[in-house]
Amino acid sequence: MPRRAIATALVTATAAAVGLLWLTEWPLGVPGEWTWERIRHAETDRADSLLGICQAVLVTAAVVLVTWLSSRLFVDSRRPAWLSRLGRIGALLALVVTGFLAIHLLQESVPSGHGLARSSWVLYYPGSSGYYYEARRVTSLESFRERYFRMLKDPDPHRRTLHLGTHPPGLFLAHLAVRELCRRSPGIRQAVLDWRPRSVRDAQATILEGGRPLPPVDEAALWLATLLTQLAAATTAIPIYRLVRVDHSPETAWRSASLWLLVPAVAVFLPKSDCLYPLLATTAIWLWWSAIRGGDSWRAALAGALTWIGLCLSLAFLPVLVLAGGLAMWMNRKGRFARGRLLRWSAASVAGLALPTLACWLTFDLDLLATWKANLSNHAAFYDQPEHPRNYLAWLGLNLLEVTLAVGVPLAGLAAVGLAIRFRQQAAEIAGPAWGCLGTWGALWLSGKNMGEAARLWLFLMPWACWLAGSALHTLRARDWALLMALQALLTVAVIQRVSGFHFTGLAG
């Protein structure tokens, strides 16, 4: 397809998405099953709303400008290799800082109650997650272990099939570790409390227990957990860069990583744990793919260990395993991955997964295999509950639209173009990721495992769009790339200012 036609299609699709969100009242989901709520600017002060939109525009414009100017460091030059490498490392670290600040300011740009103020409510109340709520009740690891396994087999299907029964114990323990850090270190606790914006202080003051406010240790732990999740989301840009760099130039990898900072779903769904997963999942895929392309076996072992950590947080990481296996088999089939290397890669990967699992069983008497099986069973039973009706065919089409808006129409379009470019390539190293990503995501999509909330639940897959888009970004001139970033920024502002990622009614239930 000619470049002009692609540009016209992306502009038209982006304009249609903005119009859908702002000029219509079409439900963002399936009424009676699941819908995302629109943020109602008319219900807030008009001046504040306009100021917030202007702030979001300025923040995204700054991201575009900073990443465009920094891209010069990734173009081949006559500078010494060590100096170029040092400059690129500094630029990547600056990209993380830019992303962290941009995500922070974008959240603060939306109307009151929908920005950073929501963070403590989302993490604390059982209605939105409940991991912190359960973690703060822990008196000992043994008592937690007993209560967790009782919860997995809770006779109440409503409790068993929601957040608490469908997730492994990692999230509970992560929140417990953050809370213990704040409890045992007064210095850290006070520093975190002092860094809270006014909106967060005011929101935390509304959380009452028996008519009394939360203790300072809980206020600090909730805000620290928010900051760590936000940092993990911004840091995902680095493994995206490394993953794209395996197949493309440093400049193309930089462009792909920069686009991650403008993925709307990140700002919409923070501080949910789903925003943690892209960092682990993308780092694991980078290590596996680089090992397949010629790296040492330790990379595969480390990828396995990172995926094990991910599986202790959420079984959403299972598709990551499927993609890694698919990439290895594809390269072996095409003669680019010798059988001996495949066996060593497989053994290292299995070791990275199996050894921590065995250690948990021997040290803590924790059978993770049985735990994961119970989590899968509970998740499968979610749609069997009468209060969660789902229409498979309706969600089959809607999930495509939802994930396109969540990733951003320009980035989704680039990923599709990159996919087509990779399919036309004869080299197995180029086509492999296209078949692997499309096959893995397609199987997940057709399985109906996620009928509703795909924009959030598929966050861990969204860096794959940046990966696939690399093949399209490789062909763009600097000016075209800057315009594309501006288009993505426009869509990001439109989404985060209009879509609420949380239902605050009944949150404490």
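The following paragraphs consider two buried residues, one pair of packed helices and the cysteines of this structure. The structure is a predicted model.

We begin with I39, a residue in the loop between β2 (34-38) and α2. The relative accessibility of I39 is 2%, so this residue counts as buried. Which residues surround I39, leaving aside its neighbours within four places in sequence? I39 is in contact with P111 and H114, and also with I496, Q497, R498, V499 and S500. Y392 can be located relative to this loop residue as well: 353 residues separate I39 and Y392 along the chain, and their C-alpha atoms are 27 Å apart.

The loop that holds I39 leads to α2, and the next residue, T60, is found in that helix, which spans residues 46-70. Is T60 buried or exposed? T60 has a relative accessible area of 3%, and it is therefore buried. When residues up to four places away in sequence are not counted, T60 touches L106, L262, A489 and V493.

We turn now from single residues to a pair of helices. Two packed helices are described by the angle between their axes and the distance between the axes. Helix α9 covers residues 170-184 and helix α12 covers residues 216-235; their axes lie 9 Å apart and form an angle of about 125°. The two helices, α9 and α12, are therefore oblique to each other. The crossing in which α9 passes α12 is right-handed. On the side of α9, the contact is made by H175, V178, R179, L181, C182 and R183. On the side of α12, the contributing residues are V217, D218, A220, A221, L224, A225 and L228. How do the residues of this contact divide by character? Nine are nonpolar, one is polar and three are charged.

Finally, we consider the cysteines. A disulfide is a covalent bond between the sulfur atoms of two cysteines. How many disulfides does the model contain? The count comes to zero. C312 offers an illustration. The closest cysteine sulfur to that of C312 belongs to C360 and lies 5.9 Å away, which is too far for a bond, because a disulfide requires the two sulfur atoms to be within 2.5 Å. C312 is itself buried, as its relative accessible area is 11%. C54, by contrast, counts as partly exposed, because its relative accessibility is 38%.

Methods: Residues numbered from 1 in each chain as written. Predicted model: local features only at pLDDT ≥ 70, side-chain atom pairs only at ≥ 80, totals over all residues. Heavy atoms only, no water. Buried < 20%, exposed > 50% of the residue type's maximum accessible area, 1.4 Å probe, protein only. Helix = DSSP H or I, 4+ residues; strand = E, 2+ residues; numbered from the N terminus. Contact = heavy atoms within 4.5 Å. Axes fitted to C-alpha atoms, helices over the stretch in contact; angles between N-to-C directions. Parallel < 35°, antiparallel > 145°, perpendicular 65-115°, else oblique. Left-handed = near helix turned anticlockwise from the far one by under 90°. Nonpolar A, V, L, I, M, F, W, Y, C, P; charged D, E, K, R; others polar.
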